[in-house]
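Subject: Structure handover

Hi there,

Here is the structure I promised to pass on to you. Have a look at it first, and then read on for what turned up when I went through it.

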Amino acid sequence: MIYSSKSMLDSYFSAETKAKYAIWVAQWVSACSYAGTYQLWQYSNTGSVDGISGNVDLDYAVSDFSTTKNNSSTNTLEQILEHIASIDEKLG
């Protein structure tokens, strides 16, 4: 998976590279303007979640992760959620 800002995706990644990986666009606006195909959109870095002090990132999943390219036996969304859980544990 490539996690990148819209401007980096537009300027630095080739079409061939973007075609190989699922895309997670970070663009903190009211509507994602990335023209390519993407699976996740991070729309804010100022969200809030009960039990976590400070700001958190907010994302939309716009893809069915059970069919995402480069999917292994462990679902991509499950990997993301496991990573978030590990961060929550560290923040205690």
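Let me start with a cross-strand pair: Y3 stands opposite W24, a residue of β2. Please keep in mind throughout that this is a predicted model. The strands that carry these two residues, β1 and β2, run parallel and are joined by 4 bridges.

The side chains of Y3 and W24 meet as well. The protein has 5 aromatic pairs by the rule used. In the one made by Y3 and W24, the ring centres are 5.1 Å apart and the planes stand at 75°, and because an angle over 60 degrees counts this way, the pair is edge-to-face. The contact links distant parts of the chain, with Y3 in strand β1 and W24 in strand β2, 21 residues apart. The two partners differ in their surroundings: Y3 is partly exposed, at 46% relative accessibility, whereas W24 has 17% and counts as buried, since the limit for buried is under 20%. Along β1 as a whole, Y3 and S5 belong to the uncovered face, while I2 and S4 make up the covered one.

Now for the sheet around that pair. How many strands form the open sheet, and in what order? There are 4, arranged β1-β2-β3-β4, with mixed pairing. β1 (2-5) and β4 (52-61) are the edge strands; each has a single partner, so one side of each lacks a neighbour in the sheet. From one strand to the next, the twist averages 35°.

Going across the sheet from β2, the next contact is with β3. Strand β2 covers residues 23-26 and strand β3 residues 40-49; they run parallel, and 3 bridges join them. Here V25 is the residue that stands opposite W41 of β3. W41 also has a part in the aromatic contacts, as ring pairs link W41, Y43 and Y60 into a cluster.

The pairing of β3 with β4 is antiparallel and has 6 bridges. These two strands form a hairpin with 2 residues between them. In the turn, G51 has a positive phi of about 95°. V49 has I52 in β4 as its bridge partner.

As for the overall layout, the protein has 3 helices and 4 strands, and along the sequence they follow the pattern β-α-α-β-β-β-α. Of its 92 residues, 27% count as buried.

Two single positions may help you find your way around:

- A22 lies in the loop between α2 (15-20) and β2. A22 counts as buried, with a relative accessibility of 4%. Its C-alpha atom is separated by 9.6 Å from that of S63, which is 41 residues away along the chain.
- M8 belongs to helix α1. With a relative accessible area of 36%, M8 is partly exposed. The C-alpha atoms of M8 and V25 are separated by 9.5 Å, and the two residues are 17 apart along the chain.

Then there is the pocket. The largest one has a volume of about 520 Å³. It is lined by 20 residues, and the closest to its centre are W24, D57, D59, I80 and I84. So the W24 of the edge-to-face pair with Y3 turns up again here. Which elements give two or more residues to this lining? They are β3, β4 and α3. Helix α3 gives the most, with 8 residues.

That brings me to confidence, and to a point to weigh when you look at the pocket. The mean pLDDT of the protein is 84, and 86% of the residues score at least 70. Among the elements, helix α1 (residues 6-12) has the highest mean, at 95, and helix α3 (residues 76-91) the lowest, at 72. Where pLDDT is low, predicted coordinates should not be read in detail. Helix α3, with that lowest mean, is also the element that gives the most residues to the pocket lining.

Happy to talk it through whenever suits you.

Best wishes

Notes
Residues numbered from 1 in each chain as written. Predicted model: local features only at pLDDT ≥ 70, side-chain atom pairs only at ≥ 80, totals over all residues. Heavy atoms only, no water. Pairing = 2+ DSSP bridges. Axes fitted to C-alpha atoms, helices over the stretch in contact; angles between N-to-C directions. pLDDT = per-residue confidence, 0-100. Buried < 20%, exposed > 50% of the residue type's maximum accessible area, 1.4 Å probe, protein only. Phe/Tyr/Trp six-rings, centres within 6.5 Å; stacked < 30°, edge-to-face > 60°. 1 Å grid on protein atoms, 1.4 Å probe; cavity = no way out; pocket = protein on both sides within 12 Å on 5 of 7 lines; lining within 4 Å. Points joined across faces, edges and corners; volume = space filled by probe spheres on them.
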